[in-house]
Amino acid sequence: MNSISTSNNTSALRSVLSLPVIVASLGYFVDVYDLLLFNIVRVPSLKDLGLSEAEISLIGAKIYNWQQAGLLIGGFFWGIWGDKMGRRSVLFGSILTYSLANIICGFTNDVELYSILRFIAGLGLAGELGAGITLIAEILPKEYRGYGASVVASVGLAGAIAAFFAVKLTDWRVAYFIGGGMGLLLLALRVNVLESFLFEKGIKNSISKSVQWWTIFTKRERLIRYLRCMGIALPTYLVIGIYATFGNEFAKAIGIPGDIPAGTCVLYTYIGIVTGDFFSGFLSQWLQSRKKAILIMLMMTLAGAVILLYGGIKSAETLYFCYAWLGFSIGYIAMFLTTTAEQFGTNLRATVTTSVANNVRATVLITLPIFQFLKPNWGVLQAGAAVGAVCFLLALLSLWKMEETYGKELDYVEQ
């Protein structure tokens, strides 16, 4: 009996630590590094280009919006490409696109060119996570998908921590060179990654070829599935895009003395995310349920938000612990994308997973203006609570009627 158990454990380890999972993990590491890099180097890079403080705020927001536009467009572009041409081709094309764009960013001395390059980088970055999750969901045995998601997420999100320290130890141009260089090195590892068998099988199917990507939005039942996949992840970018990014304002509003850098709040949040994403995959495997695991993480996130806003935090140390807790609790990012991949057939799986990943990132473009609009009259804490209440309500409603997909067979196509 022990020899059988040992054999099973060895088989599981080999599956989870296979080349596709390792390459997807490293790809997500570079993806997160490059995605956050502009946020971190925005001020020093634009100051170095000769902009005033007022110009840095205005033009910095413009460049960031160009990057977000690239993510939104790229989410659909790479997703459709992945369903028509294969998941493996997306892994090559996306990383080559954003790696070259980041290297050129390190040489730029022109603000307009900087904007275009961040758009191109966003376009490339959009394909990385969705394609990687789709590929490993289709390659790994169904009983090990949760473990694979844990590995990808925990390694990948460490890229955020690496980005912070890269900027701290070097200047902004070198940080861009590092990100682009890592991406090009990763291309060599991807040469030996095999295409998904399910994709190759499905592409020969006449039904697979006849179902178009826009039917995600024209068929009611399919659209509801799509929106539920987005809805369960709303609290993740509520925490990242508002609670952590404006951590200095929340600290001031709750009366914490001294200077609380927003960057430090973000750093502690991402440290929590790395550990939380690793935990959530194992929790899902232990519970044998995606929905129960996500529900537990959601309720932990809600508890952390209540403590942040109304828990009477008095010290910086307690605040940073709260952000680490919030980060840990939203550490179901890869899990919700694995669930998304399991909700749709092979012929739409990459389109849905890749676009959902980037649409959730872009929800900050809606929640942040609402937060800023409410803040003058309601105050930071009440505005944060109002936006949070809507996000949590939509997340719980989305999860309530969602199909349980743990152990689901993925060898099927949308009709």
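Here a biologist and a modeller talk through some helix contacts and pockets of a predicted model.

Biologist: Let's start with H6 and H7. Why is H6 called roughly antiparallel to H7?

Modeller: Helix H6, residues 128–139, and helix H7, residues 145–169, pack at an angle of about 150°. Angles over 145 degrees count as roughly antiparallel, so H6 is roughly antiparallel to H7. Their axes lie 10 Å apart, and the crossing of H6 and H7 is right-handed.

Biologist: Which residues make the contact between them?

Modeller: On H6 they are Leu129, Ile133, Ile136 and Ala137. On H7, Arg145, Gly148, Ala149 and Val152 take part.

Biologist: What makes one residue of the contact of H6 with H7 polar and one charged?

Modeller: Arg counts as charged and Gly as polar, and the contact includes Arg145 and Gly148 of H7. Sorted by class, the contact of H6 with H7 has six nonpolar, one polar and one charged residues.

Biologist: Now to H12 and H21. Why are these two called oblique to each other?

Modeller: Helix H12 spans 220–231 and helix H21 spans 380–400. They pack at an angle of about 130°, with their axes 8 Å apart. Roughly antiparallel needs an angle over 145 degrees, and roughly perpendicular runs from 65 to 115. H12 and H21 are therefore oblique to each other.

Biologist: Is their crossing left-handed or right-handed, and what makes up the contact?

Modeller: H12 and H21 cross in a left-handed way. Leu227, Arg228 and Gly231 of H12 meet Leu394, Ala395 and Ser398 of H21. By class, three of these residues are nonpolar, two polar and one charged.

Biologist: H21 also packs with H20. How do those two cross?

Modeller: The axes of H20 and H21 come within 7 Å and cross at roughly 140°, and H20 passes H21 in a right-handed crossing. From H20, the contact takes in Thr367, Ile370, Phe371, Leu374, Lys375 and Trp378. From H21, it takes in Val380, Gln382, Ala383, Gly384, Ala386, Val387 and Cys391.

Biologist: Which residue makes for the one charged member of the contact of H20 with H21?

Modeller: Lys counts as charged, and Lys375 of H20 is in the contact. The contact of H20 with H21 has nine nonpolar, three polar and one charged residues.

Biologist: Let's turn to the pockets. How much space lies in the largest pocket, and which residues are closest to its centre?

Modeller: The largest pocket holds about 1100 Å³ of space. It is lined by 34 residues, and those closest to its centre are Asn39, Ile40, Arg42, Tyr64 and Thr245.

Biologist: Which helix gives the most to that lining?

Modeller: H3 does, with ten residues. Helices H2 (19–48), H3 (53–85), H13 (234–244), H15 (262–287) and H20 (364–378) each supply at least two residues of the lining of the largest pocket. Taken by class, this lining has 21 nonpolar, ten polar and three charged residues.

Biologist: And what volume does the second largest pocket have?

Modeller: About 290 Å³. Of its 15 lining residues, Leu234, Thr367, Val390, Cys391 and Leu394 lie nearest its centre. H12, H20 and H21 each supply at least two residues of the lining of the second largest pocket, and H21 gives the most, with six residues.

Biologist: How many charged residues does the lining of the second largest pocket have?

Modeller: It has no charged residues, and divides into eleven nonpolar and four polar.

Technical notes
Residues numbered from 1 in each chain as written. Predicted model: local features only at pLDDT ≥ 70, side-chain atom pairs only at ≥ 80, totals over all residues. Heavy atoms only, no water. Axes fitted to C-alpha atoms, helices over the stretch in contact; angles between N-to-C directions. Helix = DSSP H or I, 4+ residues; strand = E, 2+ residues; numbered from the N terminus. Parallel < 35°, antiparallel > 145°, perpendicular 65-115°, else oblique. Left-handed = near helix turned anticlockwise from the far one by under 90°. Contact = heavy atoms within 4.5 Å. 1 Å grid on protein atoms, 1.4 Å probe; cavity = no way out; pocket = protein on both sides within 12 Å on 5 of 7 lines; lining within 4 Å. Points joined across faces, edges and corners; volume = space filled by probe spheres on them.
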